[in-house]
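Welcome, and please open your viewer. We will go from one selection to the next, pausing at each to see what is there.

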Amino acid sequence: MRKYTGRTKLMLLFLLIMALIVTACGAGGNNTNTATNTSKGNDKEGNSPAAGETGSAAGEKVTLKFTFWGSPQEKQAVEEAIKAFEAKNPNITIDSIHIPGTDFLQKLNAMIAGNEAPDLSYSAAWKLKMGEEGLIYNFFDLMKDDPSIKKEDYLQYAWWNWDTDKSAGPYQASVVPSLMYNADLFKEAGVELPPTKAEEAWQWDEFVDTAKKLTLDRNGKHPDDPGFDPKNIKQYGVKFSLSWLSYMPLVLSNGGDYLSKDGKEFGLSKPEATEAIQRIADLINVYHVAPSPVQASSIPAPATALQSRKVAMVIDGSWNHLDLSKANINWGVGVLPVLKDYKTFFLGGSLIIFKSSKHPKEAWEFSKFLTDPQNVLELHQGLWMPQLKQWYEDPKLVDSWANEKLPGRPAGFQDAVMRSTYEHAEPSAENNVRNFVEIDAAVTAGLDQVWLGTKTAAEAMKEVEAKVKPLVKGTYLK
């Protein structure tokens with residue numbers, strides 16, 4: 001069992017303090033095709049076992065500890081996948097530990113510090129620090145001896161790198177920002193459903209007008225009606241998650257980015273970015289069509305919020321499609337609104353294998369199983385999206401996971417979610433920006449004041465710029 005140095009423990013504590021709260025599946029349900037381990041033994045430098053070399057004697061019973069997060073629906077789906085894997089590999093038992101997203105990093109760090117790290121785990125942006133500290137395997141080393149794993153097979157921006165030739169792997173699976181809605185509320189308001197094609201996306205003013213028509217106070221008045229009471233709203237037109245997941249598509253649409261093009265400057269303080277962020281804040285504080293963070297605290301998770309008619313539209317992660325498919329609701333999906341050009345991104349975590357694992361070969365086998373869409377197709381029919389390009393290009397493969405007769409794939413899904421992202425994807429800030437976890441902690445704190453209306457986006461991001469300047473070190477993906 002690897003012993004961790006004082007420096008490593010300090011780094012783990014730093015990660016715990018600085019990391020963003022792990023989002024439910026957002027960084028979670030993500031797929032990596034890690035490869036057969038490459039060098040002999042689990043040595044001091046953390047090299048992998050040789051290709052084909054087992055981590056235990058043939059037929060020996062092996063138990064792997066696997067940590068993951070997710071909603072009750074995701075938990076059930078993952079557990080079903082585990083049963084399928086164990087049926088095919090009777091000598092391997094998966095000790096699965098489901099940890100709520102809000103507690104995940106804290107508990108994982110405690111396990112690592114106590115020399116009880118899992119064999120493999122869901123992961124978010126904090127994994128890159130773990131890679132730098134030598135706690136997890138370098139995926140590029142693992143894939144060298146496995147010709148079935150080819151970088152070019154994956155989505156262009158699907159890689160988690162902590163250095164040029166060091167990676168925590170590609171996405172375990174993909175998820176995307178998604179606009180979801182309660183179709184019955186649109187019908188009752190006499191409003192047309194959101195467009196499903198990127199070229200027909202709502203311009204921002206159209207989106208705001210639609211959100212107004214779907215917002216009602218306790219007396220049934222809309223924001224533009226005389227006597228509308230913004231302090232007593234029973235139904236909001238839209239709810240944004242207010243994280244980078246939701247505001248970055250609009251920033252990209254307006255020509256901005258998280259960093260400047262050369263990666264040397266903080267991009268969210270630039271006019272293109274602050275204008276986009278301010279537009280979202282104005283939904284809350286000017287137009288009263290979206291809840292503030294305080295108001296949102298009493299609104300349930302997206303699927304329940306739409307089902308309970310507390311909101312008409314939600315812009316959040318596509319992993320919510322699974323929960324919506326299980327809810328008693330007439331729901332749909334549309335393309336995101338735009339300011340200029342349609343831009344969005346794939347995102348997702350990766351399955352990381354810890355170097356302290358006594359059974360890295362078996363851990364790889366489970367990772368390989370869980371990250372192959374063929375083996376966990378049900379998970380890709382509502383919860384996840386594939387991370388391999390051919391699953392967006394081969395009509396038969398597309399039909400297997402994106403057929404709009406599937407419960408988690410409503411009418412318009414292929415255009416509104418699959419094609420709009422595949423054809424307009426940019427790098428995700430989370431797995432592209434160096435020191436993202438630390439920078440985004442400062443950004444999130446600064447944006448709280450913007451969402452509450454106490455500062456403008458330009459004022460808040462200028463203050464954040466001064467704080468994060470030492471952390472801006474460019475990007476990983478070229």
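One term is needed before we set off: a residue counts as buried when its relative accessible area is under 20%. Keep in mind, too, that this is a predicted model.

**Stop 1: M248**

Select M248, which you will find in helix α8 (residues 244-253). Is M248 buried or exposed? Its relative accessible area is 2%, so M248 is buried. Now show what surrounds this residue: beyond its neighbours up to four places away in sequence, M248 touches D257, Y258, L268 and F345. Add K343 to the selection as well. M248 and K343 are 95 residues apart along the chain, yet their C-alpha atoms are separated by 9.0 Å.

**Stop 2: the nonpolar core**

Next, pick F66, Y247 and Y258. In the largest nonpolar core, which has 151 residues, these three touch the most other members. The core draws on both domain 1 (62-175 + 347-418) and domain 2 (177-344 + 435-475), with at least three residues from each. Zoom in on Y247: setting aside residues up to four places away in sequence, its contacts include L242, Y258, L268, I277 and I280. Further along the chain, Y247 also touches D440, V443, L447 and W451.

**Stop 3: the sheet around F66**

Stay with F66 and colour the strands. The bridge partner of F66 in β2 is S96. Here β1 (residues 62-68) and β2 run parallel, paired over seven bridges. Helix α13 (residues 360-370) packs on this sheet, where α13 touches β1, β2, β3 and β11, and its direction makes about 50° with that of β1. Select α3 (residues 104-113) too: this helix lies across β1, β2 and β3 (120-121), at about 145° to β1.

Seen as a whole, this is an open sheet of four strands with mixed pairing, in the order β2-β1-β3-β11. Its edge strands, β2 (92-98) and β11 (352-353), each pair on one side only.

**Stop 4: the five-stranded sheet**

Now move to another open sheet, whose five strands come in the order β7-β8-β9-β6-β10, again with mixed pairing. Why is one side of β7 and of β10 left without a neighbour in the sheet? β7 (216-217) and β10 (331-334) stand at the edges and have a single partner strand each, so one side of each stays free of a sheet neighbour.

At the β7 edge, the partner is β8 (residues 233-240), joined in the antiparallel sense over two bridges; look for L216 opposite Q235. At the β10 edge, β6 and β10 are antiparallel over four bridges, with L179 opposite G334. Check the side chains of β10: W331 and V333 point one way, G332 and G334 the other, and all are buried. Then bring up α7 (residues 204-213), which lies across β6 (177-182), β8 and β9 (311-317) and runs at about 155° to β8.

**Stop 5: H321 and helix α16**

Finally, select H321 in helix α12 (residues 320-326). Its relative accessibility is 0%, so H321 counts as buried. Draw a line from its side chain to that of S178: a polar contact of 3.0 Å joins them. Among the other residues in contact with H321 are W331, V333, F413 and V417.

Those last two lead into α16 (residues 413-422), where seven of the 10 residues are buried. F413 and V417 are among the buried ones. Show β6, α12, β10, α14 (390-393) and α15 (395-402) to see part of what covers them.

Note on methods: Residues are numbered from 1 along each chain as its sequence is written. This is a predicted model: local features need pLDDT of at least 70, side-chain atom pairs count only at pLDDT 80 or more; totals for chains, interfaces and linings use all residues. Side-chain values use heavy atoms; hydrogens and water are left out. Two strands pair if DSSP finds at least two bridges between them. Contact means heavy atoms within 4.5 Å. Axes are lines fitted to C-alpha atoms, for helices over the stretch in contact, and angles run from 0 to 180 degrees between N-to-C directions. A nonpolar core is a set of buried Ala, Val, Leu, Ile, Met, Phe, Trp, Tyr and Cys residues joined through side-chain atoms within 4.5 Å. Buried means under 20% relative accessible area, exposed over 50%, partly exposed in between (1.4 Å probe, protein chains only). Domain bounds come from an automatic or database domain assignment. A polar contact is a pair of N or O atoms within 3.5 Å; within protein, one must be able to donate a hydrogen and the other to accept it, and residues adjacent in sequence count only if both atoms are side-chain atoms.
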